Amino acid sequence: MSSEVSTAYAPLLRRIHWATAVLFIIAMLIGFYCGLQPPGTSPRRELLEVHKSLGMTLLFLSLLRLMVRAATRVPPEPSSFGALVRFAARINHVALYLILFAMPLTGYAFSSAGGYSLKYFWTFSWPRLVADSPQIAHAGEVAHDTLAYVVYAVVALHIAATFWHALVMRDGTLARMWPRSGNR
């Protein structure tokens with residue numbers, strides 16, 4: 001077994017990571033764009049359906065990711081990581097996991113309690129587990145909108161750290177999560 005393989009995350013976890021990253025960025029961009037559009041207009045309404053569907057997909061993908069992470073070996077961090085880098089990485093990853101759960105749940109609470117559509121890619125409707133409540137809808141909306149700014153910061157920090165590790169430090173950190181084809 002090469003050192004590259006022994007220091008990489010499990011293949012399924014890497015696939016889930018990149019699927020999550022792509023879907024999360026798409027959902028984030030759609031949400032940002034919709035926030036700039038007047039409520040009730042087209043294409044805002046249609047894009048919000050996609051945004052909410054991506055959010056629910058991400059929620060379940062995150063649950064799967066946690067299960068796969070618990071069932072697989074986490075590779076050791078590069079020896080070049082100091083205590084501060086390890087701490088910052090752990091804080092950022094915890095924040096990303098919390099966001100991956102908090103954003104869909106607050107969005108769901110906002111939509112469910114506000115009486116908004118809960119369709120999943122125009123196929124079926126999620127059950128309304130939160131009763132109609134203007135107070136809960138408002139709290140969900142405020143939480144979701146406030147967390148959006150946290151999302152921008154945490155995702156930007158994660159991407160910046162990735163570039164720092166890949167281009168400045170060249171410590172192999174990106175290779176731990178980079179998708180691979182074939183047997184290496």
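# A walk through the chain, starting at K52

K52 is partly exposed, with a relative accessible area of 23%. The model in which this lysine sits is a predicted one. K52 makes a useful starting point, since its side chain meets that of E49 in a salt bridge, with 3.9 Å from N to O. General chemistry gives the background: side chains of opposite charge can pair when their charged atoms come close. E49 and K52 both belong to helix α3, which covers residues 44-71, and because they are 3 residues apart there, about one helical turn separates them. The surroundings of E49 can be described in the terms used for K52: E49 has a relative accessible area of 11%, and therefore counts as buried, the limit being under 20%. The pair thus joins a buried glutamate to a partly exposed lysine.

From this pair, step back to the whole chain. It has 6 helices and 2 strands. Read from the N terminus, the order of the elements is α-α-α-α-β-β-α-α, so the two strands follow one another, with four helices before them and two helices after them. Along the principal axes, the C-alpha atoms fill a box of roughly 55 × 30 × 25 Å. The chain has 184 residues, and 33% of them count as buried. Among contacts in the chain with a separation of 6 or more, 72% are between residues 24 or more positions apart.

One buried residue shows such surroundings in detail. T20 lies in helix α2, and its relative accessible area is 4%, which is why T20 counts as buried. Which residues does T20 touch, once its neighbours within four places in sequence are left aside? They are L58, L61, R65 and L100. Of these contacts, L58, L61 and R65 fall within the residue range 44-71 of helix α3, the helix that also holds E49 and K52.

Now turn to the outside. The accessible surface of the chain comes to about 11,000 Å², and carbon and sulfur atoms account for 72% of that area. On this surface there is a nonpolar patch made of I25, L29, I159, F163, W164, L167, V168 and M169, which together have about 760 Å² of accessible area. Two elements give two or more residues to the patch, namely α2 (11-35) and α5 (134-169). Helix α5 supplies the largest share, with 6 residues; F163 is placed in this helix. Helix α2 therefore appears twice in this account, as the element that holds T20 and as a contributor to the patch.

The charges complete the picture. There are 16 positive and 8 negative charges in the chain, and their mean positions are 11 Å apart. How many salt bridges are counted? The count comes to 4, the pair E49 and K52 being one of them. Another salt bridge joins R45 and E46, whose closest N and O atoms are 3.8 Å apart. R45 has a relative accessible area of 43% and is partly exposed, and E46, at 32%, is partly exposed as well.

E77 also forms a salt bridge, with R86 as its partner, and here the closest N and O atoms are 2.6 Å apart. E77 is partly exposed at 24% relative accessible area, and R86 is partly exposed at 25%. The pairing extends to a third residue: salt bridges with shared partners link E77, R86 and R90 into one network.

Methods:
Residues are numbered from 1 along each chain as its sequence is written. This is a predicted model: local features need pLDDT of at least 70, side-chain atom pairs count only at pLDDT 80 or more; totals for chains, interfaces and linings use all residues. Side-chain values use heavy atoms; hydrogens and water are left out. Buried means under 20% relative accessible area, exposed over 50%, partly exposed in between (1.4 Å probe, protein chains only). Contact means heavy atoms within 4.5 Å. Accessible areas come from the Shrake-Rupley method with a 1.4 Å probe; for residues, only the protein chains shown count as cover. Lys and Arg count as positive and Asp and Glu as negative; His and the chain ends are not counted. The place of a charge is taken as NZ of Lys, CZ of Arg, CG of Asp or CD of Glu. Patches are made of residues with over 30% relative accessible area and no salt bridge: like charges are joined within 9 Å, nonpolar side chains (Val, Leu, Ile, Met, Phe, Trp, Tyr) within 5 Å.
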